[in-house]
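Work through the exercises below with the structure open. Try each task before you read its solution.

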Amino acid sequence: MFRNEKFVLSFIIVLFFACGCKKISQNNSEKPNILILLTDDQRYGTIDELNQEKVLTPNMDRLTEGGMTFTNSYIFGAPHGAVCSPSRAMLMTGRFYFNISPNVYAQWSVPKEERGVCDLITFPEYFKANGYETFATGKQHNGSQWVEKGFDVAKAVFLGGMTKHFGTIVKDYDPKSGWSKPYSYKDKFSAQVFSDEAINFMENYKGKKPFLMYVAFTAPHDPRTAPTKYHKMYPPEDIVLPPNFMKKHPFKIADMQIRDEKLAAFPRQEDEIKKNISDYYAMISAVDFHIGRILDELEKTGKAKNTIIVFSGDNGISLGQHGLMGKQNLYEHSIKVPLIFCGPGIPKNVKTEAFAYLNDVFPTLCSLTGLNIPESVNTKDLTPVIKGNKKSVRESMHFGYNAWEGDIKKYKNLPDNQRGAERAVRKGNWKLILSSKDGVMTQQLFNLKEDPWELINQADNKFYYDKKNELIAELKKLIKETGDPAKLDKNEFGLYDKYDSEHR
């Protein structure tokens with residue numbers, strides 16, 4: 001990993017100072033434990049308590065009732081179609097994808113010999129260095145090195161992007177013995193496998209250190225094959241299509257022919273979409289049951305009162321909304337996710353409209369546990385909102401998606417129809433989406449308070465020209481502040497210029 005011992009020593013010194021804790025009155029045994037529950041492809045409205053979609057989620061409801069829910073929480077987006085991977089990398093590092101080297105998170109596209117070890121501090125690594133026992137189970141979509149750096153022990157780890165939910169191939173990791181041979185449980189649903197390991201960890205944990213548990217489910221990602229009883233809960237004929245269901249998207253966007261979009265027929269058929277939504281809801285109710293088992297065990301151990309729980313999803317999904325199936329876009333259904341904090345010092349049954357990114361979790365956990373926030377983190381600490389000291393920590397947010405990752409020099413025959421990019425900005429109730437595809441720029445302006453399903457495009461309404469120009473100016477400002485490489489005055493925002501100069 002390192003070239004010489006001198007560099008190793010320098011790295012250790014830097015890491016020591018980066019990981020230094022504030023002097024606080026608590027000793028390690030009094031610090032709160034941390035439990036992170038992350039679902040896969042779960043959009044914001046699929047918790048019953050949030051009263052948007054009709055999904056039975058009694059245990060996610062327990063979390064909303066027992067903590068603070070951010071009702072405007074988002075992922076930033078993605079530089080390629082495997083949205084889960086950069087989303088999790090951003091969560092792990094507290095950074096935006098364009099400030100993380102692609103070769104450390106794009107496991108789906110980078111050859112194994114070119115993959116690098118993340119040179120950024122991840123939150124499990126940071127808490128491990130500051131006195132926490134760290135444990136992981138479930139989907140780890142950023143490669144084995146991230147697991148090795150961050151966790152004292154990992155059980156039933158799935159290192160890929162997507163998989164079947166019965167017979168999921170998993171491995172264990174222990175720093176002393178390394179990785180186990182792959183194994184699977186043919187008759188166990190994936191969420192049961194991961195929740196079993198989380199429960200086993202809590203039952204057997206005798207350490208004096210506080211623990212950090214990272215439980216990352218593979219559900220409700222397709223293939224949507226929950227245990228039969230959950231599918232019976234949602235007869236397809238009873239599913240009500242969302243108001244923004246469309247047979248096809250009204251114009252070309254960045255990824256029109258990606259795998260996710262081919263999971264249903266073109267144009268979209270109502271019965272097929274209802275079946276997809278039915279199966280999606282079944283998966284969510286199935287994973288909800290196993291989340292309940294974990295919460296019950298946490299209470300049984302007597303540690304619930306001193307445990308911070310964070311619940312979220314890694315991205316949303318379309319399933320017929322706007323005529324799309326996947327998550328490779330910047331509509332609300334694809335980038336808006338649930339985000340809930342529960343635990344000591346966190347108010348119960350409170351909803352806040354404060355803007356939040358998923359990658360705000362890292363600095364927020366630092367603040368809630370009395371640790372300094374590492375300098376490598378470039379998102380926001382949500383603690384002032386949680387503690388009631390501020391209504392918000394940011395006034396606006398921007399989002400990004402491009403069809404291929406920024407460093408695409410390895411793709412020597414990149415077809416034009418696989419190019420495209422989107423940028424979006426939200427400020428107050430207004431949201432502007434800019435789509436650049438095939439040399440055409442499309443603008444969409446939505447008032448989310450009046451039009452939460454993003455159906456009424458006000459971009460060409462002369463009464464809102466000033467609002468649109470205000471949002472464009474805000475987007476340019478955020479692009480500059482965050483280091484986003486997008487150039488709004490160029491086709492595909494200039495994200496393919498490097499490729500064109502080398503291969504055209």
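**Exercise 1.** State how many salt bridges the structure holds, then place the pair formed by Arg-88.

*Solution.*
Step 1. This is a predicted model. The structure holds 25 salt bridges.
Step 2. Arg-88 pairs with Asp-40. Their closest N and O atoms are 3.8 Å apart, and the cut-off is 4 Å.
Step 3. Locate the partners. Arg-88 sits in helix 3 (residues 84-93). Asp-40 sits in the loop between strand 1 (33-39) and helix 2 (58-66). The two are 48 residues apart, so this bridge links distant parts of the chain.
Step 4. Check burial. Both Arg-88 and Asp-40 are buried.

**Exercise 2.** Asp-196 and Lys-188 meet in a salt bridge. Classify each partner as buried, partly exposed or exposed.

*Solution.*
Step 1. The N to O distance between Asp-196 and Lys-188 is 2.8 Å.
Step 2. Buried means under 20% relative accessible area, and exposed means over 50%.
Step 3. Asp-196 has 14%, so Asp-196 is buried.
Step 4. Lys-188 has 24%, so Lys-188 is partly exposed.

**Exercise 3.** Which elements does the salt bridge between Lys-427 and Glu-474 tie together?

*Solution.*
Step 1. The side chains of Lys-427 and Glu-474 meet at 3.8 Å, N to O.
Step 2. Lys-427 belongs to strand 13. Glu-474 belongs to helix 12 (residues 465-482). The bridge therefore ties together parts that are 47 residues apart in sequence.
Step 3. Lys-427 has 25% relative accessibility, so Lys-427 counts as partly exposed. Glu-474 has 9%, so Glu-474 counts as buried.
Step 4. Now look for shared partners. Asp-41, Asp-222, Arg-259, Asp-260 and Lys-327 are joined into one network by salt bridges.

**Exercise 4.** Describe the largest pocket: its space, its central residues, its contributing elements and its chemistry.

*Solution.*
Step 1. The largest pocket holds about 770 Å³ of space.
Step 2. Its lining has 32 residues. Closest to the centre are Thr-71, Asn-72, Glu-332, Lys-336 and Arg-426.
Step 3. Four elements give two or more residues each to the lining: strand 2 (67-74), helix 9 (332-335), strand 11 (350-357) and strand 13 (421-427). The largest share, four residues, comes from strand 11.
Step 4. Sort the lining by type. There are 14 charged, 11 polar and seven nonpolar residues.

Conventions. Residues numbered from 1 in each chain as written. Predicted model: local features only at pLDDT ≥ 70, side-chain atom pairs only at ≥ 80, totals over all residues. Heavy atoms only, no water. 1 Å grid on protein atoms, 1.4 Å probe; cavity = no way out; pocket = protein on both sides within 12 Å on 5 of 7 lines; lining within 4 Å. Points joined across faces, edges and corners; volume = space filled by probe spheres on them. Nonpolar A, V, L, I, M, F, W, Y, C, P; charged D, E, K, R; others polar. Buried < 20%, exposed > 50% of the residue type's maximum accessible area, 1.4 Å probe, protein only.
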